[in-house]
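Biologist: I should like to learn how the features of a protein model are read. Might we take them one at a time?

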Amino acid sequence: MTIKVLDPRTVSQIAAGEVVERPSSVVKELVENSLDAGATQISVEVGGGGVSLIRVVDNGEGILLGEVELAFKRHATSKLHSIGDLMSVSSLGFRGEALPSVAAVAQVEMVTCARGHLEGTRVGLEDGTVKQRGSQSRSVGTTVAVRHLFRKMPARLKFLKSPTTENSHIANVVGQYALAYPEVKFTLVVDGRTTLRTPGSGRLVDSVAQVYGLDIAQKMLPIEDSGWESGAAASSIIVTGMVGSPTVSRSSRSYLSFFVNRRWITSRSLAWAVEEAYHGLLMEGRHPVAVLNISLPSDLLDVNIHPTKAEVKFQQERAVFVAVQKAVRQTLVELMPVPMIEESAVAYRSPTAARPVVDGSPWSVGLFEPAPMSPAHAIKPTTSLPLLRVLGQVSSSYIAAEGPEGLYLIDQHAAHERVMWEKIGAQRQQHEIEVQGLLEPVTLEVSPRRNEALRANYEKLTELGFSIEPFGDRTYLVRAVPVLLHGKDWMGVLRELMDATPGEGGSDWLEKATISMACHSAVRAGQTLTESEMRELVRELEQTNVPHTCPHGRPTMIHLSSGQLRKQFGRE
Ligand code: ADP
Ligand code: MG
C-alpha cells in the first residue's frame, strides 16, 4: 500500500470529528467560549435539531478586529500560552480547536465587537476558509451562527437522531451550564419557542427552578459543608451546591450534575459517591437529584484528558470522592424535613410555598430562608425528632403522636424497620449480632438454585447470626438464628436471601440481608400495640440517625402542623 499524507481539508474534518460529534457539541463549545469571554447574557437559538441553525449570542468581551480570522485557525487560542499554563488553566477552552472544527463541518458566520470598537466585524466561512468579511453594527459581544451542520458529511448526518432527540441534548447542555453559572442569564429558543430562561440572579435555586422546575427546586437542600478537615490536600476540596431531599427521586441518573471548578463533567465515581450518600434513603432503582460543584486548586486536576473535555482526572480521586459523599450525607441528615401532609389536603391554600434559598454568591453556602410564608409550609431543618407524646394507635398500623409542632402520624412498621436497620448495622459492624440457639434444629430443604446461593453465602450468614450446617444433599440444619428474629419469620429472611441473585456477593448482599432482617423483625402493620410498646418505639426512633425514612426510602411519618390544623378548622 502506498503511504500518502492526507490533504489539509480531510485532516481538519477528521480532527473536527473528535470535537463535534453532534449539534449539542457545537452548542457546548460556543457556550463555553461565551462564558470564557465573561458574558453575563447568553442566548442560544436552534432550528431543525441544530442541523439547520445554531446561533449563540453573547455580551462577552468580543474579539479584537485584527484577530477575528485568527480565531478560526487551528490551535489559535487566547487562553493558553505554553504547556506550563495547562496546569493552571481556569478557562473552559484552551486548545484552540472549537471554532476551526465547527467551521470544518458547517457554514459559520461570526459578528463580534470588542470594547472600544465602534463597529463589529463580520466574517463568513465555508469549508473552513473565510469567504466573506465586512463590518456590521453590534454592541460589545459576539454572535456565532452555524448553519447546515454536517451537510458535506452524510455519514455523520446519518448518525444523528431525530430533531427532538438532538434538541433534548442541546437543552441538556444549556441547562447544565445554566446550573453551573447561576449569575449568567441564559435563554434557549428551539424552533422559535423559548424553552428555557434563567434570571441570572446568582442564586443556584433560581436556576434549578428554571431547569428542573419549581417542584424540584422547592425540595433542594443547600450543601452545608465545605472544606473537609483532615489532610492538607483534602481541606482544599470544597463542595458546594444543592441536593434533592429524598422525597424527590428520579428513575435515571440524568439529574446528577457535576462541575469541577465550574466545568461540566461526567464522572461515574462521583455519581457513585452521591448515591452512596443517599444509601438507605431512596427506594431501590431510584436516583437522587444533585447539582454539585467541586472547587479545588487547578494543579490537583488534569483537564486535558478527554477530547471534549467532558472528563477530568483528579490527582486525589479518593479524597474528592470522600469529600463529595460526606458533604451530601451531612446535608441530608441535617436538613431533611419531615414530610408534611400534602398541601392539597389543606382547605385554605397558602399562596406561597416553601422555598429554599442560597444566599450570596453563586454556589455559596446558604440556609433556608427564614419562612416568609405560612408556618404550615415552612420546611424546618431537623436534626432529630422533636419529643413526641403518644396519643394512640390508628388502624392498628399508625401511631398518632403530638409534638411541639403539631400532630405526627408514624407508620409503625416503617419506623420499626428504621430502628432495626440501624441496630443490626451497628451490631454487624462490631461483630456483635446476638445469637439464639434453637431448642430443636430446624431442617431446611432447598431447590438446586437456592442451594447455590446458600452455599455461596455460608460464612456471611454466620456473620449475621445464623448457624446453618449441611445435612445431606440440598438439606441443611438451622441450629441458631439472630436473637432479634427469634419467634419471627426468620425463614422468610433466609428465603429472600437465597433468592437474591446467585453470585451477587459482597457489601450489596450484606446490605440486602440487613434490610431483609430489619423488615422481618419489625412489627407489622395491623398489629395492635400497647401504649408502652408505642412509647418505646417512638423513643427508639428518636435515637436513630435518620428517623424520617425507612431503609427502603419510604417516610416513617407524616406531619400535620399546628398551622395546618388552624387553617383546616378555619381559625385563621
Ligand atoms: P479555545 O476556546 O480553546 O481558545 P476556540 O476555537 O473555541 O478555542 O476559540 C478560539 C479563540 O477565539 C478563543 O481563545 C477566544 O479568544 C476567541 N473567541 C471564541 N469565541 C469567542 C466569544 N464568544 N467571545 C470572545 N472571544 C471568543
Ligand atoms: Mg473554545
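Modeller: Let us begin with a salt bridge, bearing in mind that this is a predicted model. D127 forms a salt bridge with R9, and their closest N and O atoms are 3.9 Å apart. The pair links distant parts of the chain, 118 residues apart: D127 lies in the loop between β4 (120-126) and β5 (129-136), and R9 in helix α1.

Biologist: Is D127 buried or exposed, or does it fall in between?

Modeller: Buried means under 20% relative accessible area and exposed means over 50%, with partly exposed in between. D127 has a relative accessible area of 32%, so it is partly exposed. R9, at 42%, counts as partly exposed as well.

Biologist: Which residue forms a salt bridge with D206?

Modeller: The partner of D206 is R203, with the closest N and O atoms 3.2 Å apart. D206 is buried, at a relative accessible area of 9%, whereas R203 is partly exposed, at 25%.

Biologist: How are R535 and E531 placed in helix α16?

Modeller: They are four residues apart in this helix (residues 531-542), and therefore separated by about one helical turn. Their side chains meet in a salt bridge of 3.6 Å, N to O. R535 is partly exposed, with a relative accessible area of 39%, and E531 is likewise partly exposed, with 44%. Elsewhere, salt bridges that share partners join K28, E29, E32 and K309 into one network.

Biologist: How many salt bridges does the count come to?

Modeller: The count comes to 19.

Biologist: I should now like to turn to the nonpolar residues. Where do nonpolar side chains tend to be in soluble globular proteins?

Modeller: They tend to be buried together. Here the largest nonpolar core has 62 residues, of which Y177 and F186 touch the most other members. Helix α5 (residues 163-180) provides the largest share of this core, seven residues. Beyond its neighbours within four places in sequence, F186 is in contact with residues including V31, L35, I42, Y177 and L196. A second, separate core of 40 residues includes L80, L270, L301 and V320.

Biologist: What else is found in helix α5?

Modeller: N167 is found there, and at 13% relative accessibility it counts as buried. Not counting residues up to four places away in sequence, N167 touches V46, G49, G50, V190 and D191.

Biologist: Which residues form a nonpolar patch on the surface?

Modeller: L6, V11 and I14 form such a patch, with about 270 Å² of accessible area together. I14 belongs to helix α1 (residues 8-19) and is exposed, with a relative accessible area of 53%.

Note on methods
Residues are numbered from 1 along each chain as its sequence is written. Chains are lettered from A and ligands numbered from 1 in the order in which they are written. This is a predicted model: local features need pLDDT of at least 70, side-chain atom pairs count only at pLDDT 80 or more; totals for chains, interfaces and linings use all residues. Side-chain values use heavy atoms; hydrogens and water are left out. A nonpolar core is a set of buried Ala, Val, Leu, Ile, Met, Phe, Trp, Tyr and Cys residues joined through side-chain atoms within 4.5 Å. Buried means under 20% relative accessible area, exposed over 50%, partly exposed in between (1.4 Å probe, protein chains only). Helices (H or I, at least four residues) and strands (E, at least two) are DSSP runs, numbered from the N terminus. Contact means heavy atoms within 4.5 Å. Patches are made of residues with over 30% relative accessible area and no salt bridge: like charges are joined within 9 Å, nonpolar side chains (Val, Leu, Ile, Met, Phe, Trp, Tyr) within 5 Å. Accessible areas come from the Shrake-Rupley method with a 1.4 Å probe; for residues, only the protein chains shown count as cover. A salt bridge is a side-chain nitrogen of Lys or Arg within 4 Å of a carboxyl oxygen of Asp or Glu.
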